[in-house]
Amino acid sequence: MASTADETQTPAFDRENLLAQARERAGLSDFGDMWFLEPMDQFIASANREAKLTPIGFAGQTEVIVKGLTSRLRMIEDIKRHPEILDEKVEVAGVILGLPRTGSTIFHRLLAAAPGMTAIRWYEVQNFAPFPGEEPGNPAERRAYAQAMIDGWLELSPELNSIHPLDPEAPDEEIIILGQMFVSTMVEGMTFCPSFTRWLDTYDQSKGHEELKTILKYLQWQDPSRRGKKWILKSPSNLPYAELVANAFPDALLIMTHRDPLDVVPSYVSMEAALYKLSSDLTDKEVGEFWFQRLAGWMRSFMAARARIGEDRFIDIDYRQVAKEPLVQAERVLSRIGIERNAQLEEALTEFLAGNRREQRPAHEYSLERFGLDEEAIRREFAEYRARFIA
């Protein structure tokens, strides 16, 4: 019989095929500035070589890429038709950074709940451009798309429900949008691609943040109720690339959340194991080895960058204090960015906390042993950080 090797061949990403799929879906052809092709090509080469994607994972990551390219096509077209989008005045007042698993998600959502604040919603990071025929102010199909994603994720990896609260309407991370341009840690967070991450550390990602500014204008234009409000961004990707975000948003307060790496490292490695489970065949030990070194590298980069940025740009938030007195810690930040403390603010923050208690979700179970992690190695790699911020 003839060889059937083609039937079992591992699927591979192809740039032109992905671009063509997006053009067909959008019915459009203009991607604007094609600067993103360089990081896209680097990702494709790395993923095809290293990712160990399952068939489901390959299909899922293909959809991530195509939907991002499709949103780009639709946005470029909308800007052509509505050039006033670029006149929107967007104020990014604060950017949360820090190691992942430091309480940054709940703190981000708490700050965004304050009157006068706004943030990117989870359904928007998945599809930042309206779908065809979408009624202004009623993105029902994008919300449904986001909910279907969540349902699919939890079916494949139910432990995510205990790790990261997923809600189409909730504020979430801009790195998901930047990842659709192949310039954020979201890429490595969803696909195992070590050689790409090494390359990304040497690449000037500033064009991604320039486009993020345009996307924030685009989102504000879609929802005029955001005009005059202050935006709060959040992402662990801001830790290794702190100077990038500090330069992109020079007036933003840099809000650093802190938690002991002895807890952070196994917690985040557990999260990555759950995310990789959606798409790859990787062992817990492989995930642990990669992400321990990656997190340690992030912190080394950050500690050097913080000294160059300057202490006046930062406010430090301790995970333990947020657990004890969340309103006090939120108001510390909000006062720095010009949000007045009053009864309306207290009511809004209290209402948010009542509906978002940690005990409303299953406990997140993790351990050093499961991922081959060593406590002394963590102490050694994070010694400077722990001495300064955790002691």
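Visitor: How many of the residues of S3 are buried?

Guide: Keep in mind that this model is predicted. Buried here means under 20% relative accessible area. Strand S3 covers residues 230-234, and it is mostly covered. The count of buried residues is five of its five.

Visitor: Which residues of S3 point the other way from Lys230, Ile232 and Lys234?

Guide: In a regular strand, side chains alternate between the two faces of the sheet. S3 has Lys230, Ile232 and Lys234 pointing one way, and every one of them is buried. Pointing the other way, and buried too, are Trp231 and Leu233.

Visitor: Which strands stand at the edges of the sheet?

Guide: Let's walk across it: five strands make an open sheet, in the order S2-S3-S1-S4-S5, with parallel pairing. A strand at the edge has a single partner strand, so one side of it is left without a neighbour in the sheet. That fits strand S2 (117-118) and strand S5 (314-318).

Visitor: What is the bridge partner of Val92 in S3?

Guide: Val92 belongs to S1, which spans residues 91-98 and pairs with S3 in the parallel sense over five bridges. Along that pairing, Ile96 stands opposite Lys234. S2 also pairs with S3, over two bridges, and there Thr118 has Trp231 as its bridge partner. For Val92, the partner in S3 is again Trp231.

Visitor: At about what angle does helix H12 run to S3?

Guide: H12 takes in residues 206-222 and lies across S1 and S3. Those two strands are partners in the parallel sense. The angle between H12 and S3 is about 130 degrees.

Methods
Residues numbered from 1 in each chain as written. Predicted model: local features only at pLDDT ≥ 70, side-chain atom pairs only at ≥ 80, totals over all residues. Heavy atoms only, no water. Pairing = 2+ DSSP bridges. Helix = DSSP H or I, 4+ residues; strand = E, 2+ residues; numbered from the N terminus. Contact = heavy atoms within 4.5 Å. Axes fitted to C-alpha atoms, helices over the stretch in contact; angles between N-to-C directions. Buried < 20%, exposed > 50% of the residue type's maximum accessible area, 1.4 Å probe, protein only.
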